[in-house]
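User: Please take me through the strand pairing in this model, and tell me on what grounds each term is applied.

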Amino acid sequence: MLVLVAPGQGAQTPGFLTPWLELPGVRGAIEAWSDAVQLDLVRYGTEGDAEEIRDTAVAQPLLVAAGLASAHMLFDDPADLPRKVGAIAGHSVGELTAAGLAGVLSDEETVRLVRTRGLGMAEAAAITETGMSALLGGDPEVSVAHLEKLGLTPANINGAGQIVAAGTMEQLAALNEDKPEGVRKVVPLKVAGAFHTHHMGPAVEKLAEAAKELVPADPRLTYVSNKDGKAVATGAEVLERLVGQVANPVRWDLCMETFKELGVTALIEVCPGGTLTGLARRALPGVRTLALKTPDDLDAARELIAEHSA
């Protein structure tokens, strides 16, 4: 059973889109999506420096566009995706990529919605100076209790020994001085705010308004939600969860538990892959993993699809 996953913010690197634009149809698709959201995704994905593409309003549509484009390159016939992929999920903003690939929204609707999300989250992040830090190692229950004592939110519970804390810079500084028992290291993340916390409340309101204009379709394959790791059967509920997810924790650990229950044997992470396959290697032993980083990875990915598709 094959699972397709899409990474979240922080996976982008300068120039990562460049080799993908050489593939038939990719540049045209990215340019069309750029026009739709009034943002030059081609330039940001090829020439943007690390600071430019760290901007939430840029990073999110850039990641989703890359994820959609790279996933489309895996299949000669678009109808093969729901036929050959057993389940789909995304981490944080990657949930929008997954929603687009599952047919809940069209590609253009997906990119438009993520543009609204990115702008809303950037504006919310500007209200108070906030950030996120990854905790490596330690017992999750002990770490979560410690974070709550410091006033921080366990914004991403990723499994495989990784939790991401989010809050004000003062709270994160206190975490650096007072790590939970058993945590080896606290690593600041290159994000612009405390995503998936109450600090993102204003962005939820903006996204909810934009969502009212959409008529989502039911997912064409099993769609696994960050909220609780559950499979969601209706497009309306997927969209509702996408809106609320902005200010609620990402439970990627529970998503991986669901993959295990579904009988996953292989997992492919769309461009820019690497983060989620790393977590899967530790949490899902025995499962074949492959990250789409450049078009050079496509042949191996297609072989994996042929071997593990339902």
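**Sheets and their partners**

Analyst: Four strands form an open sheet in the order E4-E5-E3-E6, with antiparallel pairing. The model is predicted, so local features need pLDDT of at least 70 and side-chain atom pairs count only at pLDDT 80 or more, while totals for chains, interfaces and linings use all residues. Residues are numbered from 1 along each chain as its sequence is written, and side-chain values use heavy atoms, leaving out hydrogens and water.

User: What makes E4 and E6 edge strands?

Analyst: Strand E4 (153-159) and strand E6 (183-188) each have a single partner strand, so one side of each is left without a neighbour in the sheet. Neighbouring strands here are turned by 25° against each other on average, direction ignored.

User: Why are E3 and E5 called paired?

Analyst: Two strands pair if DSSP finds at least two bridges between them, and strands are DSSP runs (E, at least two residues; helices are H or I, at least four), numbered from the N terminus. Strand E3 (residues 130-137) and strand E5 (residues 162-168) have seven bridges, in the antiparallel sense, and therefore count as paired. Gly131 has Gly167 in E5 as its bridge partner.

User: What makes the pairing of the six-stranded sheet mixed or uniform, and how do E1 and E2 pair?

Analyst: The open sheet E8-E7-E2-E1-E9-E10 has mixed pairing. Within this sheet, strand E1 (residues 2-6) and strand E2 (residues 87-90) pair in the parallel sense over four bridges, with Ala6 opposite Gly90 in E2. Its edge strands are E8 (231-232) and E10 (288-291), each pairing on one side only.

Methods. Axes are lines fitted to C-alpha atoms, for helices over the stretch in contact, and angles run from 0 to 180 degrees between N-to-C directions.
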